[in-house]
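Reader: I am new to this structure and would like to learn how to read its features one at a time. Could you go through them with me, giving the general idea before the particular case?

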Amino acid sequence: MNNYIIYLDTALDLVAFVFGSFLICTFKGNRLKLTFGICSAMVGVVFILANIHYLNTDPSVRSKEIYELLVIDRMVKWLVLTSVTVMIPLASLRPGFITTLRLVLFAIPVLFIITIAGCYYLFNGQITPLTTLHSIAENAHRTDVRLRIFIFVAINLICWGYYILSLVGNNARSKRKGTLLMWIYTGGSVCILVYFVLFSLFINPVIFYAYDVFVSSFFIFFCVGFLLYENPFSRIKSKQEKAQDEKTTGQLPVWLQSHTERIYRDMEKLAEADKSFTQAQYAVNDLAGKLNVTPRLAVEAIKAAGFTGFKEYVIYLRIEHFKELVQRQNGKSVKELMYLSGFTTRSNFYRIFQRYEHMTPLEYMKQFC
């Protein structure tokens, strides 16, 4: 029976790997999508290799491995994965916040733990068998047990700290607003953090196999979210919401605005003036050329304004343009206005519009009839 469960786990892990690989191949400048795709692919590979190992291990030895507590390599693998995934909400709410420098700073505590664990394995390697909380207390004087307790506590502090930091990002200064999927992801992340405690201190076959199934399903679910949306965890705030935020927090004076913020102000004026974004093949090079800046700088300005990337920026402009056309009450149908706004696929347009406005385009039109 256990083998059948492992086969099911492996199938889910393979799906997570395939979905993650697909996100990596199709990220097109969306670093959030790329990061999540890498995490999903890593989960798939690590779990598949672990399952292959257990299938090739003698059943009696396998039982001993399952019941072992505070296993260093398990905890380190979990740390590498979770320290990235708990930062996803912050990266979603603040595009461009996760820079190379910040990634290095966030990685320092993780690398510190990995280095300690690796050095112990290389230069000592003595591991005390631990199967109950009582055995942990009895052997707390041993060096390896103290090290394992330290790693366990440090991992909890690091991951919960990163998790709390990511939640702080959803405030009035943020240019994005969390979606329902953000809160589902947040709840799932808490479950993974709780699972880590159970996995390290109270392991049993149910927890062991359920953990694999839950984590793989978690990543598969949100991979599908990335296939449907550029940023499934948050959306850019509407013009009305931005105006309300500026009333609350105030707008920065021009002399305090960064170079990218000033470029984005020019983008807004350009979008208002020529409506080039309604062209189906509108590209970032077209925008950069009209602003006399490089495409890279144009993308940086877009991200500084709260957009995940150029594609989401164009979608936002087209949605707002559609709403403006509707409010003029020119008698055209939803389909005609959709094409005039730059959308080419009805199903895609309806799905995106409902996400932004929480109603269908037709329901929105009825408000102005």
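Reader: How are helices α15 and α16 set against each other, and at what angle do they cross?

Author: The model is a predicted one, and the angle is the place to begin. An angle between two helices is read by range, where under 35 degrees counts as roughly parallel, over 145 as roughly antiparallel, and 65 to 115 as roughly perpendicular, with the rest called oblique. Here the axes of α15, residues 310-327, and α16, residues 334-341, cross at roughly 135° and come within 9 Å, and α15 and α16 are therefore oblique to each other. The crossing of these two helices is right-handed.

Reader: Which residues of α15 and α16 meet?

Author: From α15 come Arg 318, His 321, Phe 322, Leu 325 and Val 326, and these meet Val 334, Leu 337, Met 338, Leu 340 and Ser 341 of α16. Sorted by class, the residues of this contact divide into seven nonpolar, two polar and one charged.

Reader: How should I read the pair α13 and α14, and what is the angle between them?

Author: The approach is to take the angle and then the residues. Helix α13, residues 284-291, packs on helix α14, residues 295-304, at an angle of about 95°, with the axes 9 Å apart. That angle makes α13 roughly perpendicular to α14. In the contact, Val 284, Asn 285, Leu 287 and Ala 288 of α13 meet Pro 295, Ala 298, Val 299 and Ile 302 of α14, and by class these residues are seven nonpolar, one polar and no charged.

Reader: What is the angle between α4 and α6, and what is the hand of their crossing?

Author: Helix α4, residues 72-85, and helix α6, residues 100-123, pack at about 165° with their axes 10 Å apart, which makes α4 roughly antiparallel to α6. The crossing in which α4 passes α6 is left-handed. On the α4 side the contact holds Ile 72, Asp 73, Val 76, Leu 79, Val 80 and Ser 83, while α6 brings Val 110, Ile 113, Ile 114, Ala 117 and Tyr 121. This contact has nine nonpolar residues, one polar and one charged.

Reader: Turning to empty space inside the protein, how many cavities of 30 Å³ or more does the structure hold, and which residues line the largest cavity?

Author: With a cavity, one may look at the volume, then at the lining, and then at the elements that supply it. The structure holds three cavities of 30 Å³ or more, and the largest has about 50 Å³ of space. Its lining is formed by Met 267, Leu 270, Ala 271, Asp 274, Ser 276, Phe 277, Tyr 282, Leu 287, Tyr 313 and Leu 317. The elements that give two or more residues to this lining are α12, residues 259-274, and α15, and α12 gives the most, with four residues. The lining of the largest cavity divides into eight nonpolar residues, one polar and one charged. Leu 287, named in this lining, also belongs to the contact of α13 with α14.

Reader: What can be read from phi in the loops, for instance at Lys 275 and Asn 292?

Author: For a backbone angle, one may ask for the sign and then for the place in the chain. Phi of Lys 275 is near 55°, a positive value in a residue other than glycine, and Lys 275 is found in the loop between α12 and α13. Asn 292, also a residue other than glycine, has a positive phi near 60° and is found in the loop between α13 and α14.

Conventions
Residues are numbered from 1 along each chain as its sequence is written. This is a predicted model: local features need pLDDT of at least 70, side-chain atom pairs count only at pLDDT 80 or more; totals for chains, interfaces and linings use all residues. Side-chain values use heavy atoms; hydrogens and water are left out. Axes are lines fitted to C-alpha atoms, for helices over the stretch in contact, and angles run from 0 to 180 degrees between N-to-C directions. A crossing is left-handed if the near helix is turned anticlockwise from the far one by less than a right angle, and right-handed if clockwise. Contact means heavy atoms within 4.5 Å. Ala, Val, Leu, Ile, Met, Phe, Trp, Tyr, Cys and Pro count as nonpolar, Asp, Glu, Lys and Arg as charged, and the others, Gly among them, as polar. On a 1 Å grid over the protein atoms alone, a cavity is a set of points where a 1.4 Å probe fits but cannot get out, and a pocket is an open set with protein on both sides within 12 Å along at least five of seven lines; lining residues have an atom within 4 Å of a point. Grid points are joined across faces, edges and corners, and a volume is the space filled by probe spheres set on the points.
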